[in-house]
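Please look over the chain and its ligand before reading on. The report concerns the fold, the nonpolar core and the surroundings of the ligand.

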Amino acid sequence: MLKIIHYRNKCIGCGVCIEHTPDCWFIDLDGKARLKGSMKKKDFYVRDVTQVEVAENEQAAKDCPVKIIKVLK
Ligand code: SF4
């Protein structure tokens, strides 16, 4: 199963992930990005993604300045 992991507490709210994939991410009221439909697990958020969503999220993960997005394949 393809998954995205987001270590949200370290997010600086720069918006790069939203630029790459606005269907998956948004900036929440606290100024940090939120992965739509994700569930909290310990110190990170996680959700399944489709094969189509993987490529753009890999780009978001690459360009996130604090490297807190992980795509698991
Ligand atoms: S690119 Fe990284 S630091 Fe910037 S808003 Fe997205 S998750 Fe947060």
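The sections below go from the overall fold to the core and then to the ligand.

**Basis of the model**

The model is predicted, so that local features need pLDDT of at least 70 and side-chain atom pairs count only at pLDDT 80 or more, while totals for chains, interfaces and linings use all residues. Residues are numbered from 1 along each chain as its sequence is written.

**Overall fold**

The protein chain has 2 helices and 6 strands, where helices (H or I, at least four residues) and strands (E, at least two) are DSSP runs numbered from the N terminus. Along the sequence these elements follow the pattern β-α-β-β-β-β-α-β.

The radius of gyration, taken over C-alpha atoms, is 11 Å for the protein chain, which agrees with the value near 11 Å for a compact globule of 73 residues; the globule rule is 2.2 Å times the number of residues to the power 0.38.

**Nonpolar core**

The largest nonpolar core (buried Ala, Val, Leu, Ile, Met, Phe, Trp, Tyr and Cys residues joined through C-beta atoms within 7 Å) holds 13 residues, of which C17, W25, L35, A60, C64 and I69 touch the most other members. Strand 3 (33-35) and helix 2 (51-63) each give two or more residues to this core. A residue is buried if 20 or more other C-beta atoms lie within 10 Å of its own, with C-beta atoms placed from the backbone.

**Ligand surroundings**

The ligand is surrounded by 13 residues, the closest being C11, C14, C17, A33 and C64, with nearness meaning a C-beta atom, placed from the backbone, within 6 Å.

Methods:
A residue is buried if 20 or more other C-beta atoms lie within 10 Å of its own, exposed if 12 or fewer, and partly exposed in between; C-beta atoms are placed from the backbone.
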